[in-house]
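Open the structure in your viewer and keep the selection tool at hand. This tour goes stop by stop, telling you what to select and what is there.

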Amino acid sequence: MNIPKSGLNQTISKSFYLICTIILFTSCSSDSAEDSIPISNNIEVDILGTWYLIQHSSSNSIAQTGTTITSAGSDYNYTIEFTDNPKYINTNGNYTVNMTETTSDNESSNYTYMVNSNETQQEGFHIGEWSIVDGNLITRVYDNDPFGPGSYEQTTEILELTTNKLVLKTDDSPSSSENYTVTGNTTLVYER
């Protein structure tokens, strides 16, 4: 087969362009893949440090009333810091939680609240002492006293922990009371 010299140059140029494109695509995708590679299995070390909240979402139902409550965060300026010796969580900053409550009659109402945390007032889903048990984050939920009335242990599933991303999912059923049975969960996404 005889290919004219100009046709051969075009074929070589197209092949070269195709190879360069594949190399570029492969190298770009491997860089982003490194960010999603899980850190070692030593969660207690890997989770240490400061994380910036980038997403808060939840969906819960109350069995006795047929009410569903969904929420989504916004205006994030909130950090969580895991320290070691002692194992303690410090939170700082604030963000808005936008909630929609829908009754069993399909009537909806919207409201917002602000999570506002500083050195003297810790607020958020995870505060106080922490530990890792069976790959889950264990904390306590409380108002003033970690072991006072209304406090309870919270188990949070660590869905993802990489060098720069932390995804936590709580089962909100422990927030149930003797009058209300709550089902659902809250997901929090952090980055470094």
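**Stop 1: E44 and its partner**

Select E44. This is a predicted model, so every value on the tour is computed from it. E44 has a relative accessible area of 30%, so E44 is partly exposed. Where does the side chain of E44 meet another in a salt bridge? Add K87 to the selection. The side chains of E44 and K87 form a salt bridge, at 3.5 Å from N to O. This pair links distant parts of the chain. E44 sits in helix α2, residues 43-46. K87 sits in the loop between β2 (67-83) and β3 (88-102). The two are 43 residues apart.

**Stop 2: K87 and D84**

Stay on K87. Is K87 buried, exposed or partly exposed? K87 is partly exposed, because its relative accessible area is 25% and the partly exposed class runs between 20% and 50%. Now select D84 as well. The side chains of K87 and D84 also meet in a salt bridge, this one at 2.9 Å, N to O. D84 counts as partly exposed too, at 44% relative accessibility.

**Stop 3: K165 and E160**

Move to K165 and E160. Their side chains meet in a salt bridge at 4.0 Å, N to O. K165 has 29% relative accessibility, so K165 counts as partly exposed. E160 is partly exposed as well, with a relative accessible area of 25%. Go back and select E44, D84 and K87 together. Salt bridges with shared partners join these three into one network. How many salt bridges are there by this rule? The count is three. Why can such pairs form? Side chains of opposite charge can pair when their charged atoms come close.

**Stop 4: Y78 and the rings**

Next, select Y78. This residue lies in strand β2. Is Y78 buried or exposed? Y78 counts as buried, because its relative accessibility is 3% and buried means under 20%. Add I54 and draw a line between the C-alpha atoms. Y78 and I54 are 24 residues apart in sequence and 8.5 Å apart in space, C-alpha to C-alpha.

Now look at ring pairs. The count of aromatic pairs is three. Select Y95 next to Y78. The two form an edge-to-face aromatic pair, 5.2 Å from centre to centre, with 70° between the planes. The pair links distant parts of the chain: Y78 is in strand β2 and Y95 is in strand β3, 17 residues apart. Y95 is buried, because its relative accessibility is 2%.

Select F82 and W130. They too form an edge-to-face aromatic pair, 5.6 Å centre to centre and 85° between the planes. F82 lies in strand β2, while W130 lies in the loop between β5 (128-129) and β6 (131-133), so the pair ties together parts that are 48 residues apart in sequence. F82 counts as buried, at 2% relative accessibility. W130 is buried, with a relative accessible area of 4%.

Before you leave, add Y76 to Y78 and Y95. Ring pairs link Y76, Y78 and Y95 into a cluster.

**Stop 5: Three strands side by side**

Select residues 152-161, which make strand β8. Then add residues 165-171, which make strand β9. The two strands run antiparallel and are joined by five bridges. What do β8 and β9 form? They form a hairpin, with three residues between them.

Add strand β10, residues 182-191. β9 and β10 also pair in the antiparallel sense, over seven bridges. Now trace one line across the strands. E157 has K169 in β9 as its bridge partner. K169 in turn stands opposite T187 in β10.

While you look along a strand, keep one idea in mind. In a regular strand the side chains alternate between the two faces of the sheet.

**Stop 6: T170**

Finish on T170, which is found in strand β9. T170 is buried, because its relative accessible area is 1%. Which side chain does the side chain of T170 touch in a polar contact? Select D172: the two side chains make a polar contact at 2.8 Å. Now show what surrounds T170. Leaving aside neighbours within four places in sequence, T170 is in contact with F125, H126, Q154, T155, T156, G184, N185 and T186.

Definitions and conventions: Residues are numbered from 1 along each chain as its sequence is written. This is a predicted model: local features need pLDDT of at least 70, side-chain atom pairs count only at pLDDT 80 or more; totals for chains, interfaces and linings use all residues. Side-chain values use heavy atoms; hydrogens and water are left out. Two strands pair if DSSP finds at least two bridges between them. Helices (H or I, at least four residues) and strands (E, at least two) are DSSP runs, numbered from the N terminus. Buried means under 20% relative accessible area, exposed over 50%, partly exposed in between (1.4 Å probe, protein chains only). Rings of Phe, Tyr and Trp (its six-membered ring) pair if their centres lie within 6.5 Å; planes under 30 degrees apart count as stacked, over 60 as edge-to-face and the rest as tilted. A polar contact is a pair of N or O atoms within 3.5 Å; within protein, one must be able to donate a hydrogen and the other to accept it, and residues adjacent in sequence count only if both atoms are side-chain atoms. Contact means heavy atoms within 4.5 Å.
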